[in-house]
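Please work through the following exercises with the model open beside you, and try each task before reading its solution.

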Amino acid sequence: MNINEDIQLDVEATGERILGRWADVRRHTRSVIEDHKLYKQEGQPMAEHRETVLKQLRTLVDAGATQHGFQSEFGGTMNPGASLSSFEELLFADPSLQIKYGVQYGLFSSAILYLGTEYHHKTFLGSAVSTETVGAFAMTETGHGSDVASIGTTATYDSDTKEFVIHTPDRHSYKDYLGNAALHGHAAVVFAQLYTGGEKHGVHAFFVPIRKRGKLLPGVGSEDDGLKGGLNGIDNGRLYFDSVRVPRTNLLNRYADVSEDGVYTSVIESSGRRFFTQLGALVQGRVSLTGGVVNAQKLALDIAIRYSLERKQFPGPDGEEKTIMDYGRHQRRLLPLLARTYAQVFTHQELLDQFHAVFTGENDTDESRQDLETVAAASKALSSWYALETVQECREACGGQGFMAEHRLTGLRADLDVYVTFEGDNNVMLQLVAKRLLGDYAKALKSPDFGTLASYVAGQVGEATINRGGLRGLAQKMVDFGSTARSVGYVKEEDSQHQLLTDRVHTMIAKLANNLKHSGPKNAQKQAELFNRYQNDLILAAKAHGELILWEAFTSALKTIEDEGSKQILTWLRDLYGFSVLEENLSWYLINGRLSSSRAEAITEYIDTRLLPRLRPHAESLVDAFLLTPGLVRTTLAADEKERQATRSQLVRK
C-alpha cells in the first residue's frame with residue numbers, strides 16, 4: 001500500500017492556517033480586488049499606468065480596505081496587523097498598487113501617526129487617510145540610501161519667525177526614488193538634520209507641503225525618475241528644497257521638540273537611541289514587504305506547478321508522454337521552493353503577530369522592539385531575495401510560455417526587483433542582524449575565546465539551543481552506517497535537524513566574536529579593519545540565523561495542524577526545507593566536522609528518493625491551499641495546456 005495514496009491534505013483547513021489571524025481582512029481585500037477589477041494591465045504606458053493606480057488606490061479607500069491601522073475617527077480600529085495584511089494582498093492586484101498603498105499608508109500616514117502627536121493627527125492625518133492629501137516619504141537621498149544618519153538635508157530653526165527652514169544644500173542631498181514625488185504628492189514627511197542655535201541634533205521628521213492644485217510650492221523642486229525596471233505605476237521622483245519655511249509645529253515631535261525660543265528637548269536622552277527609536281517606529285515597512293513578496297511566491301508557484309501538472313514532454317517506456325512534474329529534475333526545481341515558501345508563510349505570521357503586539361502596546365518594551373527589528377530585518381532580506389529566485393525559476397519552468405507577459409511571471413519578476421533595496425539594502429539589513437547576534441553573544445560570554453566557544457557550542461543550556469554533547473558526539477564518531485536509510489537516520493529526526501541548524505549559527509557567531517575581539521589598547525582603526533575583514537562572514541551568519549528562524553516557525557506551525565494526513569504532508573515539506581538548507585551548506589558542515597561525507601551524501605539521496613516522491617502527489621493540493629481564485633491568478637496557462645492536451649488526445653484516438 002502506497003502511503004502517498006492513503007493521506008490527503010485538508011486544503012480548506014490548511015488554507016485557513018495560511019491565511020492566518022487576519023483571514024477576514026485578507027478575504028475582504030481580495031474581494032475588493034476582484035469586484036472592482038483592480039488588475040494590472042501588462043504593457044500599459046507609464047503615464048496611463050500611474051493614473052490608473054491612483055484611481056485604484058482611491059477605490060480601495062472607498063471600499064474600506066485602507067483604514068485599519070488608524071484611529072476610529074478616521075474609520076479605523078487601530079489594528080496594525082490588519083493594516084499590513086490588507087497591504088500584502090494587493091500584490092495579487094498590481095505590485096504598483098501595493099506600493100502606492102505602502103507609500104501613502106505604511107510610510108507617509110504612519111510617520112504622521114507614530115512620529116507625530118495629537119496636533120499632527122488632528123491637523124494632517126485625516127486628509128492623509130482619505131487621500132485628499134497624497135503624500136511622499138522623503139528619507140532616502142541620492143547620496144545616502146542606507147546611511148540615513150548622514151543625510152544632508154537640513155532643518156534650521158528660526159526663532160524670530162518660529163519656523164524651520166528646510167534646505168537641500170547640494171545635488172548629493174536630493175531626496176530620491178520617492179513615490180508620489182513626481183506628480184501626485186501634495187505633501188511630504190521630510191527627514192532632515194535639525195539645527196537650533198547652531199547646534200546639530202540629528203535626523204528628525206517634518207511635515208512639508210510641496211504642491212497645491214498640482215503646482216509646486218515656492219522653493220520646492222521636483223524631478224521625475226522616469227521609466228524604471230518595474231513598478232511603473234508609481235510616480236517616483238526627486239524632491240529638493242531651497243530654504244522652504246514650515247511652522248515650528250510641523251516638526252513631528254513625539255520624541256523631541258523645539259520651543260518657540262529655540263530650546264531643544266527630547267524624551268530620549270541618547271541621540272543614537274533617539275535616532276533608532278524614530279526609525280524603529282517605521283519598521284512596518286520591512287514587515288509588510290516580507291508578507292508581500294511571500295504572496296508573490298505563492299502566485300508564481302501556483303502558475304508554474306499547475307502548468308507542470310498539465311504540460312507533457314518526451315515519451316516514456318510505454319510510449320506515452322509524461323507530465324514534466326513527473327521528472328525528478330522538475331520536482332527538484334519547484335518543490336523545495338514550495339517548501340521554503342510555506343516556511344516563509346509561517347515565519348511571517350509570527351513576525352506579524354510580534355509587530356501587532358508591539359504597536360498595540362500589548363508587548364511594547366525595548367527588548368520586544370529590538371527583537372522585532374532584528375527578525376524583520378532578517379526576514380525582509382531573505383524573503384525578497386527568495387522571491388526573485390522563486391519567480392525566476394517558475395518563469396523558466398514554464399518555458400517559452402512563461403516568457404509571455406500575459407502569464408504574469410515576467411512582469412512580476414520586474415516589479416519585485418526593487419523590493420530587495422526597499423527599506424534598506426539587504427546586505428546592510430543582515431549586518432544589523434549579525435551585530436545584534438554578536439551583542440547577545442557578548443552578554444552570554446563576557447570574554448569569548450576558543451575555550452569558552454567549545455563549552456558554549458557543546459553545552460549551552462536551554463531548549464532553544466543544542467543539547468549537551470549531541471553534535472560533538474556526531475562529529476567525533478563520523479560513522480558510515482553503510483546505507484542511506486541508516487546513515488541519514490540520525491539527521492532526519494526533528495531534533496537533529498534543529499541541532500544542526502542551530503549549531504551552525506552559534507558556531508559562526510562565536511568564531512566571529514573571537515575574530516573581532518581586538519586585543520590590546522582600544523584602536524578604532526583596527527576595529528574598523530577587523531569589521532571590514534569579516535563583513536562577509538557577518539552576513540553569512542545572519543543568513544544562517546534567518547534560515548533557522550524559518551525552520552523553527554515551520555516546526556511550530558506543525559503543532560497547530562490537527563488533521564493527521566495534513567500534518568504528515570506538511571512534515572515532509574518541512575523536512576524538505578530543512579534538508580535543502582543542510583544540502584546548500586554541506587561545505588560548512590564538512591569543513592567544521594559536523595557531518596561525515598557519507599551522511600552528507602545521504603542528505604541529497606534522501607531528498608531525491610524519499611521526500612520528493614512523497615510530495616509529488618500532493619503538489620497540486622499544496623498550491624490549492626493558497627486559496628488563489630482565477631481572478632487573483634489571472635492566467636489561463638495551465639487550463640490552455642490541459643485543453644490542448646485533451647484536443648490532441650481526441651485527434652490521436654480518431
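The exercises below concern a predicted model, and they go from the overall fold to the core and then to the cavities.

**Exercise 1. Decide whether the radius of gyration of the chain agrees with that of a compact globule.**

Solution. Begin with the length of the chain, which is 654 residues, because the radius of gyration near 26 Å for a compact globule follows from that number. Next, take the value for the chain itself, 27 Å, which agrees with the globule. To complete the picture, note that the C-alpha atoms fill a box of roughly 90 × 75 × 40 Å along the principal axes, that the chain has 26 helices and 15 strands, and that buried residues make up 57% of the 654 residues. Finally, turn to contacts with a separation of 6 or more, of which 75% are accounted for by residues 24 or more positions apart.

**Exercise 2. Find which residues touch the most other members of the largest nonpolar core, and which helix gives the most to this core.**

Solution. The largest nonpolar core holds 165 residues, and those that touch the most other members are Phe191, Tyr342 and Leu416. Among the elements, helix H10, which covers residues 328-360, gives the most to this core, with 14 residues. Now take Phe191 and leave aside its neighbours within four places in sequence: its contacts include Leu115, Phe137, Met139, Val203 and Leu282, and also Lys175 and His204. Apart from the largest core lies another one, of 24 residues, including Tyr157, Ile166, Ile210 and Phe241.

**Exercise 3. Describe the lining of the largest cavity and that of the second largest cavity.**

Solution. Start with the count, which comes to three cavities of 30 Å³ or more. The largest cavity has a volume of about 110 Å³, and of the 13 residues that line it, Ile18, Arg26, Glu88, Lys298 and His348 are the closest to its centre. Helix H9 (284-308) is among the elements that give two or more residues to this lining, and H9 gives the most, with four residues. By class, the lining of the largest cavity divides into four nonpolar, four polar and five charged residues.

Then go to the second largest cavity, which has a volume of about 60 Å³ and is lined by residues including Thr290, Gln344, Ser379, Leu382 and Ile549. Two or more residues of this lining come from each of H10, helix H11 (366-397) and helix H20 (535-558), and H11 gives the most, with four. Here the classes are four nonpolar, six polar and no charged residues, whereas the lining of the largest cavity has five charged residues.

Terms used: Residues are numbered from 1 along each chain as its sequence is written. This is a predicted model: local features need pLDDT of at least 70, side-chain atom pairs count only at pLDDT 80 or more; totals for chains, interfaces and linings use all residues. Side-chain values use heavy atoms; hydrogens and water are left out. A nonpolar core is a set of buried Ala, Val, Leu, Ile, Met, Phe, Trp, Tyr and Cys residues joined through side-chain atoms within 4.5 Å. Buried means under 20% relative accessible area, exposed over 50%, partly exposed in between (1.4 Å probe, protein chains only). Contact means heavy atoms within 4.5 Å. On a 1 Å grid over the protein atoms alone, a cavity is a set of points where a 1.4 Å probe fits but cannot get out, and a pocket is an open set with protein on both sides within 12 Å along at least five of seven lines; lining residues have an atom within 4 Å of a point. Grid points are joined across faces, edges and corners, and a volume is the space filled by probe spheres set on the points. Ala, Val, Leu, Ile, Met, Phe, Trp, Tyr, Cys and Pro count as nonpolar, Asp, Glu, Lys and Arg as charged, and the others, Gly among them, as polar. The radius of gyration is taken over C-alpha atoms; the globule rule is 2.2 Å times the number of residues to the power 0.38.
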